[in-house]
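Q: Could you teach me how to read the contacts and charge pairs in a model like this one?

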Amino acid sequence: MRIGELAAKAGVSVRALRYYEEQGLLVAERSPSGQRHYPDSGVDQVLLIQQLYAAGLPSRSIRAVLPCVETGEATPELLEWFTAERDRIDRQMRDLASARDRLDSLIVGATAVWRSGRPCPAR
DNA sequence: ATTCTAACA
DNA sequence: TGTTAGCA
């Protein structure tokens with residue numbers, strides 16, 4: 001199928017498909033005229049790429065991990081990699097929660113200042 | 001009409 | 001990624 005059909009079936013833009021190829025995530029066969037042609041399996045390929053992007057992996061990581069996932073092989077290395085990713089995300093969540101709590105404290109403090117009749121500091 | 005490459009008011 | 005330009 002051509003790029004437009006794949007884009008429709010996979011629910012992504014044609015632009016995205018060309019970008020995936022540029023990033024080395026998706027292979028495309030070329031017709032004599034230069035048009036890209038994809039096998040039916042391309043739909044699942046794109047779906048997988050989307051899941052990995054949604055998981056927060058940069059294209060570079062996806063490129064490295066794709067060959068393993070595609071073959072359906074849940075290799076130990078792959079599981080370690082994903083586990084490490086999960087931990088990274090967990091750390092970010094905790095850092096954000098921390099930053100949020102500190103903002104909450106500042107908000108409470110600022111509110112107390114206003115109630116005491118002090119002038120509101122400029123932004 | 002669709003795709004391709006290249007490039008960015 | 002969107003979008004646009006100029007082709008095939």
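A: Gladly! A residue is near a molecule or strand if one of its heavy atoms lies within 4 Å of it. By that rule, the residues around DNA strand B are Arg2, Ile3, Gly4, Arg15, Arg18, Arg30, Gly34, Gln35 and Arg36. Sugar and phosphate make up 83% of the strand B atoms that come within 4 Å of the protein. Before we go on, this is a predicted model: local features need pLDDT of at least 70, side-chain atom pairs count only at pLDDT 80 or more, and totals for chains, interfaces and linings use all residues. Residues are numbered from 1 along each chain as its sequence is written, chains are lettered from A and ligands numbered from 1 in the order in which they are written, and side-chain values use heavy atoms, with hydrogens and water left out.

Q: Which polar contacts reach a phosphate oxygen of DNA strand B?
A: A polar contact is a pair of N or O atoms within 3.5 Å; within protein, one must be able to donate a hydrogen and the other to accept it, and residues adjacent in sequence count only if both atoms are side-chain atoms. Here, a polar backbone atom of Gly4 is 2.7 Å from a phosphate oxygen of DNA strand B, and a side-chain N or O atom of Arg36 is 2.8 Å from a phosphate oxygen of that strand. Gln35 instead places a polar side-chain atom 3.3 Å from a sugar or linking oxygen.

Q: Which residues are around DNA strand C?
A: They are Ser13, Arg15, Ala16, Tyr19 and Tyr20. Of the strand C atoms within 4 Å of the protein, 44% belong to sugar or phosphate and the rest to bases. A side-chain N or O atom of Arg15 lies 3.0 Å from a base oxygen, while a polar side-chain atom of Ser13 is 2.8 Å from a phosphate oxygen.

Q: How many salt bridges are found in the whole structure?
A: A salt bridge is a side-chain nitrogen of Lys or Arg within 4 Å of a carboxyl oxygen of Asp or Glu. The search finds 8 of them. Glu21 pairs with Arg30, their closest N and O atoms being 3.3 Å apart.

Q: Is Arg30 buried or exposed, or in between?
A: Buried means under 20% relative accessible area, exposed over 50%, and partly exposed in between (1.4 Å probe, protein chains only). Arg30 is partly exposed, at 42%, and Glu21 is also partly exposed, at 22%.
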